[in-house]
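Student: Got a minute to walk me through this one?
Tutor: Sure, let's have a look.

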Amino acid sequence: MRAHEVSHRCNTPCMSRSNIAVRHTTPWCRTMNKRRRQIERRTVDLSNFPDLVVIYLGMRVNAVAGLKTLFGFGPKIAQSVEANPDGLLAHETFLFSLVPPHVDIRQYWRDFDSLETWARSEPHAAWWRQFLRDSGGTGYWHEAYFMDGGMEAVYDDVPRDIGFLRFAPPHAARGSRFHARGRAQRPGTPETSAPIQEDALEREYTD
């Protein structure tokens with residue numbers, strides 16, 4: 001059936017109520033039709049990354065003093081990323097919330113061993129030792145997800161339940177849950193020593 005030409009504002013789909021095709025003739029309609037394009041949908045092939053680890057790390061300001069802690073930690077992390085640590089595939093920073101200030105990092109690592117080595121080296125190790133002794137008015141958390149199975153998380157001085165805490169039973173991060181390898185139940189022995197041991201931290205609190 002021959003389309004009837006009418007002048008009206010564009011209203012897709014391009015059929016009239018009587019099921020007669022309508023040819024759009026107004027400049028506005030022609031412009032909109034030209035702008036239409038097929039959505040570009042892409043995916044990825046992760047077959048070359050069988051041990052991939054995705055980790056989210058967050059720092060939340062709990063007190064005014066935490067602003068200094070947050071802004072002081074950021075440049076150190078940036079410098080460590082610029083050093084291109086072995087195994088780090090990608091690093092992204094984004095804002096979780098403005099009130100309270102809450103900054104997140106998302107990283108992609110080739111494998112858990114690479115991530116663990118970086119976390120136990122400077123400057124991250126020094127910051128971790130300092131944080132466990134004094135959070136500086138901030139809360140810290142991370143969640144890690146493993147391509148070959150398993151997840152683990154820790155939440156330190158985080159006053160509001162987020163992530164897994166919103167639905168999973170909480171446990172004290174002690175004993176086998178003190179370090180990420182134990183929480184994730186990963187086999188093997190760490191290549192580097194932990195920034196601080198649980199018993200040493202306990203002695204500092206009790207002395």
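Tutor: A ground rule before we count: helices and strands here are DSSP runs, with at least four residues for a helix and at least two for a strand. Also, this is a predicted model.
Student: OK. How many helices and strands does the chain have?
Tutor: Six helices and seven strands. Starting at the N terminus, the order is β-β-α-β-α-β-β-α-α-β-β-α-α.
Student: What is the mean pLDDT of the chain?
Tutor: The mean is 85. A pLDDT of 70 or more is reached by 82% of the residues. Watch residues 1-8, though, where pLDDT is below 50. That stretch still has 18 contacts in the model beyond near neighbours in sequence.
Student: What do I do with a low-pLDDT part?
Tutor: Where pLDDT is low, don't read the predicted coordinates in detail.
Student: Switching topic. How many aromatic pairs are there?
Tutor: The count is 14 aromatic pairs. One of them is Tyr 56 with Tyr 145, an edge-to-face pair. Their centres are 6.1 Å apart, with 75° between the planes.
Student: Which parts does that pair tie together?
Tutor: Tyr 56 lies in strand 3 (residues 53-61) and Tyr 145 in strand 6 (residues 138-146), so the pair links parts 89 residues apart in sequence.
Student: Are those two tyrosines buried or exposed?
Tutor: In between. Tyr 56 has 22% relative accessibility, so Tyr 56 counts as partly exposed. Tyr 145 has 24% and is partly exposed too. The cut-off for buried is under 20%.
Student: Which residues do ring pairs link into a cluster with them?
Tutor: Phe 94, Phe 164 and Phe 167 join Tyr 56 and Tyr 145 in that cluster.
Student: And what lies over the face of Phe 146?
Tutor: Arg 186 does, at 4.6 Å from the ring centre.
Student: Now pockets. What is the volume of the largest pocket?
Tutor: About 1300 Å³. It is lined by 49 residues. Closest to its centre are Ala 153, Val 154, Ala 173, Arg 177 and Arg 183.
Student: Which element gives the most to the lining?
Tutor: Strand 7, with six residues. Other elements supply at least two lining residues each, including strand 3, strand 6, helix 3 (112-119) and helix 6 (198-206).
Student: Last one. What share of the chain counts as buried?
Tutor: 34% of the 207 residues. As for contacts with a separation of 6 or more, 54% come from residues 24 or more positions apart.

Technical notes. Residues numbered from 1 in each chain as written. Predicted model: local features only at pLDDT ≥ 70, side-chain atom pairs only at ≥ 80, totals over all residues. Heavy atoms only, no water. Phe/Tyr/Trp six-rings, centres within 6.5 Å; stacked < 30°, edge-to-face > 60°. Buried < 20%, exposed > 50% of the residue type's maximum accessible area, 1.4 Å probe, protein only. Lys NZ or Arg CZ within 6 Å of the ring centre and 35° of its normal. pLDDT = per-residue confidence, 0-100. Contact = heavy atoms within 4.5 Å. 1 Å grid on protein atoms, 1.4 Å probe; cavity = no way out; pocket = protein on both sides within 12 Å on 5 of 7 lines; lining within 4 Å. Points joined across faces, edges and corners; volume = space filled by probe spheres on them.
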